[in-house]
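Here are some exercises to work through with the model open beside you. Try each task before you read its solution.

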Amino acid sequence: MQTDPESLPKRPKQPRPANRDIVDTLRTAGVAPQRMLELDQGRALAQWQNRQGEVRYERPRHHALSIYIDKGEQARRVLNGKVVSQGFPGAVCLFPAGSRSSWQISGQFEFFHLYFNDLDVARCAEQTWDADPDKRQLSELYHAEDPVLAQAGKLLALSDWQAPGQTMAMDHLAQWLLLQVVSRHSDIRQPLPEVTGQLSLRYRRLLQERINAELGQSLTLANMASWVSLSPFHFARLFKATFGCAPYQYVQEQRLILARDLLRNNRDKITAIALMCGFNDSSQFSRAFKSRFGISPSGYRSHCSSGQ
């Protein structure tokens with residue numbers, strides 16, 4: 001029996017692109033992002049490559065973390081007509097909302113940006129440290145050394161942002177980057193709290209039931225953490241201690257298990273099954289399924305139909 005097209009599940013909703021002053025400034029300067037990924041709650045990641053020109057960030061209405069991943073010596077910050085700092089691989093810049101800076105570019109280099117806002121900072125401070133969310137101030141950073149964030153930049157460079165399940169993994173990484181920024185480069189200046197133990201049996205069952213019930217939806221770290229009234233930071237650590245893997249890995253595994261069962265037990269089209277299980281399209285689903293089970297979805301269905 002074929003599925004009525006109108007009865008097919010809708011694609012998981014993708015975050016809408018937000019208006020970002022720094023992105024607009026770079027585009028106006030003739031720079032285009034090599035790749036960009038919209039994340040949960042208005043955050044976004046972008047990879048840029050610039051070669052030459054002048055750029056001026058004039059009081060952006062959002063925050064931006066910048067991590068250089070290749071070269072950077074030809075990127076210089078200028079103040080009153082004088083060069084005051086120069087880039088290098090792994091250099092970190094932090095542009096708080098309302099900051100102003102001017103740049104001269106005379107050679108190719110690549111860098112990442114993480115875009116976030118005041119609400120992200122306030123929520124992070126309140127949930128992680130139980131700190132007053134109204135008094136958190138980010139520091140301005142220009143070409144600073146931060147080995148932890150520099151290493152994260154290398155990880156971003158190596159990641160395939162379009163891989164199956166990768167959006168959720170990148171959202172997880174963005175949450176971690178935000179924690180590092182607030183912990184290391186704001187007026188909190190406190191280490192991340194220690195998290196020990198595991199989730200209670202009640203919470204474990206609740207999470208298993210909710211995740212299985214919502215596999216076709218766009219699940220995020222913050223969304224799942226709210227189910228058990230935890231901050232994303234505490235949730236991610238307790239989840240891994242309890243289930244032995246990161247939340248995004250667990251969700252991906254459950255989606256693939258569900259898809260395998262559907263391929264074996266019903267005759268819906270593979271595209272419909274992909275959407276039912278939370279994948280954006282059939283090609284993404286096919287890559288993930290073959291990577292996990294060593295056979296394509298169509299091959300697996302044929303194998304089951306033949307009774308082998």
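**Exercise 1. Work out which elements cover the buried residues of α11, and how those residues are arranged on the helix.**

Solution. Start with the cover: α8 (247-265), α9 (270-276) and α10 (282-293) are among the elements over the buried residues of α11. Contact here is heavy atoms within 4.5 Å, and helices (H or I, at least four residues) and strands (E, at least two) are DSSP runs numbered from the N terminus. Next, pick out the residues themselves: in α11 (residues 297-305), Pro 297, Tyr 300 and Arg 301 are buried. Looking down the axis of α11, you find these buried residues within an arc of 100 degrees, so they line one face of the helix. That arc is taken over the directions from the helix axis to the C-beta atoms. Buried means under 20% relative accessible area, exposed over 50%, and partly exposed in between (1.4 Å probe, protein chains only).

A word on the ground rules: this is a predicted model, where local features need pLDDT of at least 70 and side-chain atom pairs count only at pLDDT 80 or more, while totals for chains, interfaces and linings use all residues. Residues are numbered from 1 along each chain as its sequence is written, and side-chain values use heavy atoms, with hydrogens and water left out.

**Exercise 2. Put the UniProt domain on the model and describe its make-up.**

Solution. The unreviewed UniProt entry lists "domain: HTH araC/xylS-type" at residues 205-303. UniProt positions are in the numbering used here, feature names are shortened, and annotations may be inferred rather than shown by experiment. Now check the span: residues 205-303 are 74% helix and 0% strand, with the end C-alpha atoms 33 Å apart. For the wider picture, the protein chain has eleven helices and ten strands. Of its 308 residues, 48% count as buried.

**Exercise 3. Find what surrounds helix α1, then trace the salt bridges around it.**

Solution. First, list the buried residues of α1 (residues 21-28): Asp 21, Ile 22, Val 23 and Leu 26. Their cover includes β1, β2, β3 (53-58), β4 (63-70), β7 (92-95) and β9 (109-116). Just past the end of α1, Gly 30 has a positive phi of about 90 degrees.

Then turn to charges. Side chains of opposite charge can pair when their charged atoms come close. The rule for a salt bridge is a side-chain nitrogen of Lys or Arg within 4 Å of a carboxyl oxygen of Asp or Glu, and by that rule there are eleven. One of them joins Arg 61 to Asp 21, with the closest N and O atoms 2.6 Å apart. Arg 61 sits in the loop between β3 and β4 and Asp 21 in α1, so this pair ties together parts 40 residues apart in sequence. Arg 61 is exposed at 66% relative accessibility, while Asp 21 is buried at 15%.

Another salt bridge brings Glu 38 and Arg 20 together at 2.8 Å, N to O. Here Glu 38 is in strand β1 and Arg 20 in the segment before α1, 18 residues apart. Glu 38 is buried, at 14% relative accessible area, and Arg 20 is buried too, at 4%.

**Exercise 4. Asp 40 is buried; find out what its side chain meets.**

Solution. Locate Asp 40 in the loop between β1 (33-38) and β2 (44-50). Look for a partner of opposite charge (Lys and Arg count as positive, Asp and Glu as negative; His and the chain ends are not counted). Asp 40 has no salt bridge, and the nearest such side chain, Arg 43, is 4.2 Å away. Its side chain does make a polar contact of 3.4 Å with that of Thr 220. A polar contact is a pair of N or O atoms within 3.5 Å; within protein, one must be able to donate a hydrogen and the other to accept it, and residues adjacent in sequence count only if both atoms are side-chain atoms. Beyond neighbours within four places in sequence, Asp 40 is in contact with Asp 171, Thr 220 and Ala 222. Finally, follow Arg 43 further: Arg 43, Asp 120, Arg 123 and Asp 171 are linked in a network of salt bridges.
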